[in-house]
Amino acid sequence: MAITNGKHIVKEFDGVNCTVVEEGISQARVDFLQSLLKFNNFDVKVQAGENDTFSLAVTDLTFNPTIAVYEKSLYTRTGRIVTPNIWNQKTKNLHIPYWTEGFEVAKYY
């Protein structure tokens, strides 16, 4: 589930009801999200899918990734707030605000 979709999906992972964070993602994406969510004290469950894809979920049934990102309640290991660009892994430069995504901002910073 991308953060552009506010749906709250609950599925069973290993016999535990979990909130689905994203489905059909690569191993690299799983590693990134798992590291980020574990740092923010969430219990993360991963389930293998078809064609080398995975589903990632957390055991906190109240968690919604869209709300968590825009509410600014998630942090990176360096102490920065997780923005939509960080969540979507769109930029390595953490100083670019998410609202300037796609625009030429180098001259302003």
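The following paragraphs lead through the fold of this protein, from its sheet to its helices and core. The structure is a predicted model. Its secondary structure comprises 3 helices and 4 strands, and along the sequence these elements follow the pattern β-β-α-β-β-α-α. Of the 109 residues, 35% count as buried. Among contacts between residues at least 6 apart in sequence, 52% join residues at least 24 apart.

The sheet is the natural starting point. Its 4 strands are arranged in the order β1-β2-β4-β3, forming an open sheet with antiparallel pairing. Strands β1 (10–13) and β3 (44–48) stand at the edges; each has a single partner strand, so one side of each is left without a neighbour in the sheet. From one strand to the next, the twist averages 45°.

Strand β4 can be followed through its two pairings. With β2 (residues 16–25), β4 (residues 54–58) pairs in the antiparallel sense over 5 bridges. Within this pairing, L56 of β4 is the bridge partner of E22. The pairing of β3 with β4 is likewise antiparallel, over 5 bridges, and here V46 stands opposite L56. Strands β3 and β4 form a hairpin with 5 residues between them, and N51 in the turn has a positive phi of about 55°.

The surroundings of L56 extend beyond these bridge partners. Leaving aside neighbours within four places in sequence, L56 is in contact with T19, V20, V21, E22, I25, V30, L33, Q34, L37, V44, K45 and V46. Of these contacts, V30, L33 and L37 are also among the buried residues of α1, which leads to that helix.

Helix α1 (residues 27–39) has 13 residues, which at 1.5 Å a residue should span 18 Å; its end C-alpha atoms are 18 Å apart, in agreement with that expectation. The residues R29, V30, L33, L36 and L37 are buried in α1. Seen down the helix axis, the buried residues fall within an arc of 140°, and therefore they line one face of α1. The elements that cover them include β2, β3, β4 and α3 (84–87). Just after α1, N41 takes a positive phi of about 65°.

One member of this buried face is an arginine. R29 belongs to helix α1 and has a relative accessible area of 11%; because buried means under 20% relative accessible area, R29 counts as buried. Not counting residues up to four places away in sequence, R29 touches E22, W87, N88 and Q89. One of these, E22, is the residue bridged to L56 in β4.

The nonpolar core brings several of these elements together. In soluble globular proteins, nonpolar side chains tend to be buried together. The largest nonpolar core here contains 19 residues, of which V21, L37, L56, V58, F63, L74 and W87 touch the most other members. At least two residues of this core come from each of β2, α1, β4, α2 (65–70) and α3. Helix α1 gives the most, with 4 residues. Two of the residues named in this core, V21 and L37, are also in contact with L56, and another, W87, is touched by R29.

Technical notes
Residues numbered from 1 in each chain as written. Predicted model: local features only at pLDDT ≥ 70, side-chain atom pairs only at ≥ 80, totals over all residues. Heavy atoms only, no water. Pairing = 2+ DSSP bridges. Axes fitted to C-alpha atoms, helices over the stretch in contact; angles between N-to-C directions. Expected span 1.5 Å × (residues − 1). Buried < 20%, exposed > 50% of the residue type's maximum accessible area, 1.4 Å probe, protein only. Arc of directions from axis to C-beta. Contact = heavy atoms within 4.5 Å. Core = buried A, V, L, I, M, F, W, Y, C linked by side-chain atoms within 4.5 Å.
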